[in-house]
Every structure is written in structure tokens, then in C-alpha cells.
Amino acid sequence: MASIRTVVQTDSAAIAKIYNHYIANSTATFEETSISTAQLGQRIAKVLHVKLPWLIIENDQQQLMGYAYASKWRGRSAYRFSSEVSVYISPQYLGHGYGQQLYEALFEQLRALGIHQAIGGITLPNPASIGLHEKLGMKKVAHFDKVGLKFGQWLDVGYWQIDLQQADTQSE
């Protein structure tokens, strides 16, 4: 049985391990250099400082299986009701619905905070991530051609968006 909770700083090492896997082995992130536990801890603190959620999912043995968080979409105050969302699942736990569980919990918390728009960026192609975002009601709203260079290849990025307040109303 999986459980979801708010991140604590002691989760930083396990989160860094998951994220560093994606840095080294995929184009899911455009970072190219592994990050330290301390750097990850600073990122967590930054998200929590602006009162946005960072959630983790763990199994019965309290092993961290994945995480999701929201960050500010942009720095200007008029953007304060929009957040960028991200989710990463440890490779051995992919395909079990943990990403969906995390995003559903994250969206619930964002709604409670009055966030209207959740925006997720996806390196393309990525059918699994597209499927997850669209299953949650997110719609593709942008496509940027060849905006990132990683592993010697130019990569596109798409953005998916959901109006959380509208989606909440429609589900009642």
C-alpha cells in the first residue's frame, strides 16, 4: 500500500537519487549534471518557502517511490495563481499509477491554495508522460521546436495545462 505525504528535508537524498537517474539516463529533464543532496534540499526549501506543495509517495517499508511538486510558473505577481507541476517516479515503480496518485493529491492541494492553472512541461516525444497528463484532464497548449540540446540531439518541449478550479467544478 502506498501513502502520500509532504516532503521533509531528510527525503532529499532519496529524491536526489531518483532525479539523478533521470538526469543521467533520459531527456525528461534538461539538466545535464547530477545534483547533490544539499542542492536538492535547497530546491525543496525554495518550494516550501513560497507555500507550494512538494509531495512524496512511499511504500509500506517507507521507501520513497516518487515525488511531485509545484513551483511558481513565473516571477511576476500576476502569475501567482499559476504553477508549474512536475512528477518523477523511481524507475522500478513506473507503470503502477503512482504518478497519477501524486498528481491527483498535488492538484487537490493546489486547488485548496487557490491556484487556477497547473502547467506541465514534457520533453517530446514522451508518450507515457503525455498519457499521464491527458488522463488527468490536461490539454496541450504549446509546442516549442528544438529548444533543448541533450545527449547530442535537439529536443522539443510541449506544455500541458489544466484549469484546476474549472476541473474541480466539473467533477462535482
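Begin by selecting Arg43 and Glu31, whose side chains meet in a salt bridge with an N to O distance of 2.6 Å; keep in mind throughout that the model on the screen is a predicted one. The pair links distant parts of the chain, since Arg43 lies in helix α2 (residues 37–49) while Glu31 belongs to the loop between α1 (12–25) and α2, twelve residues apart. With the surface displayed, Arg43 counts as partly exposed because its relative accessibility is 34%, and Glu31, at 22%, counts as partly exposed as well.

Next, select Arg5 together with Asp11, which form a salt bridge whose closest N and O atoms are 2.9 Å apart. Which of these two partners is buried, and which is partly exposed? Arg5 is partly exposed, with a relative accessibility of 27%, whereas Asp11 is buried, at 8%.

Keep Arg5 selected and add Glu58, for these two residues also form a salt bridge, in which the closest N and O atoms are 3.2 Å apart. Here again the pair links distant parts of the chain, with Glu58 in strand β2 (residues 54–58) and Arg5 in strand β1 (residues 3–6), 53 residues apart. Glu58 has a relative accessibility of 8%, and this value is under the 20% cut-off, so Glu58 counts as buried.

Finally, show Arg5, Asp11 and Glu58 together: salt bridges that share partners join these residues into one network. How many salt bridges does a search of the whole structure find? The search finds three, and the stops above have visited the pair Arg43 and Glu31, the pair Arg5 and Asp11, and the pair Glu58 and Arg5.

How values were computed
Residues are numbered from 1 along each chain as its sequence is written. This is a predicted model: local features need pLDDT of at least 70, side-chain atom pairs count only at pLDDT 80 or more; totals for chains, interfaces and linings use all residues. Side-chain values use heavy atoms; hydrogens and water are left out. A salt bridge is a side-chain nitrogen of Lys or Arg within 4 Å of a carboxyl oxygen of Asp or Glu. Buried means under 20% relative accessible area, exposed over 50%, partly exposed in between (1.4 Å probe, protein chains only). Helices (H or I, at least four residues) and strands (E, at least two) are DSSP runs, numbered from the N terminus.
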